[in-house]
Amino acid sequence: SAGVGKSGINRGVIKKLVSKGVPVLAFRIDQFLSCNTKADLGLQLTGRQESPITTLKTLSPDNVAVLFIDQVDAISDISGRGGNVKKVLFKLLEEAKSFGTIKVVMSCRTFDLNNDARLKDIYDRDAVSNIEVPRLDWDDEIQPLLLAKGVELQQLTDKQKQLLTLPINLTIFLNVYEPGFSFSSITILYDKFLTKKQRHISSTS
């Protein structure tokens with residue numbers, strides 16, 4: 001789902017792999033929508049006019065290397081923005097499969113995945129592991145944090161608690177919270193955040 005922290009989890013995994021000396025290449029595919037070939041992507045991503053998979057194989061001929069592709073939902077059927085870069089994605093996957101030691105980690109919203117036949121076909125294969133990122137747990141993760149931050153929990157409704165199980169919503173809430181603050185919808189929460197940011201920009205300009 002959107003906002004559960006997939007990109008943040010990727011960053012954590014990448015940091016751990018790098019600390020272990022595993023070659024890693026990572027990018028958000030929504031920033032390369034104009035790419036028509038693997039070489040185009042490689043040139044924009046690394047400065048080398050070759051497939052990113054080839055670059056990783058050169059860096060690590062015999063051992064595992066990992067390619068992270070974030071925001072895959074940006075080229076799903078639901079998004080309507082696939083184009084040639086979607087074809088490039090599938091070619092990258094086939095190339096990685098042929099090398100064997102190149103592993104690919106992709107991040108995609110569940111809704112987009114389930115409504116795109118070609119993407120879903122990837123996840124249905126035996127050699128692919130599908131990891132769903134759950135929402136935060138209220139009792140074990142959110143409530144202790146809010147109490148430590150001095151948030152008045154009794155004012156929160158069940159609907160608000162559910163909204164705060166998404167890391168992005170929780171982050172924004174903590175950013176704008178002050179005693180007595182309440183929100184009846186996610187729109188109001190985001191509006192409060194934008195207002196605060198605009199005030200900050202005005203005060204520093």
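**Figure 1. Salt bridge between R109 and D112 in the predicted model.** R109 counts as partly exposed, at 31% relative accessibility. In this predicted model, the side chain of R109 meets that of D112 in a salt bridge, with 2.8 Å from N to O. The partner D112 is buried, and its relative accessible area is 1%. Through shared partners, salt bridges join D73, R109 and D112 into one network.

**Figure 2. Salt bridges of R28 and K86.** The count of salt bridges comes to eight, and two of them are described in this legend: R28 with D30, and K86 with D77. In the pair of R28 and D30, the closest N and O atoms are 2.6 Å apart. R28 is partly exposed at 34% relative accessibility, and D30 is also partly exposed, with a relative accessible area of 22%. In the pair of K86 and D77, the closest N and O atoms are 3.0 Å apart. K86 has a relative accessible area of 9% and is buried. Side chains of opposite charge can pair when their charged atoms come close.

**Figure 3. Strand β1 and its pairing with β2.** Strand β1 covers residues 24-28, and its side chains alternate between two faces. L25 and F27 point to one face and are buried. V24, A26 and R28 point to the other face and are not buried. For R28, the relative accessibility is 34%, which counts as partly exposed. Such alternation between the two faces of the sheet is what a regular strand shows. β1 and β2 run parallel and are joined by five bridges. Within this pairing, A26 of β1 stands opposite F68 of β2.

**Figure 4. Q71 in the loop between β2 and α4.** Strand β2 spans residues 65-70 and helix α4 spans residues 83-99; Q71 is found in the loop between them. Q71 is not a glycine, yet its phi is positive, at about 60°.

**Figure 5. Surroundings of E50.** E50 has its place in the loop between α2 (38-46) and α3 (52-59). Its side chain makes a polar contact of 2.7 Å with the side chain of T55. Leaving aside residues up to four places away in sequence, E50 touches K38, A39, G42 and T55.

**Figure 6. C35 and C108, two cysteines without a disulfide.** Zero disulfides are found in a search of the whole structure. For C35, the closest cysteine sulfur is that of C108, and the 19 Å between the two sulfurs is too far for a bond. Taken from C108, the closest cysteine sulfur is that of C35, again at 19 Å and too far for a bond. A disulfide would need the two sulfur atoms within 2.5 Å, so this pair does not qualify. C35 counts as buried at 1% relative accessibility. C108 is buried as well, with a relative accessible area of 11%.

**Figure 7. Confidence of the prediction along the chain.** The average pLDDT of the chain is 87, and 95% of the residues score at least 70. Among the elements of the chain, α3 has the highest mean pLDDT, 96. The lowest mean, 80, belongs to helix α6, residues 117-123. Where pLDDT is low, the predicted coordinates should not be read in detail.

Key:
Residues are numbered from 1 along each chain as its sequence is written. Side-chain values use heavy atoms; hydrogens and water are left out. Buried means under 20% relative accessible area, exposed over 50%, partly exposed in between (1.4 Å probe, protein chains only). Helices (H or I, at least four residues) and strands (E, at least two) are DSSP runs, numbered from the N terminus. A polar contact is a pair of N or O atoms within 3.5 Å; within protein, one must be able to donate a hydrogen and the other to accept it, and residues adjacent in sequence count only if both atoms are side-chain atoms. Contact means heavy atoms within 4.5 Å. pLDDT is the predictor's confidence in each residue, from 0 to 100. A salt bridge is a side-chain nitrogen of Lys or Arg within 4 Å of a carboxyl oxygen of Asp or Glu. Two strands pair if DSSP finds at least two bridges between them.
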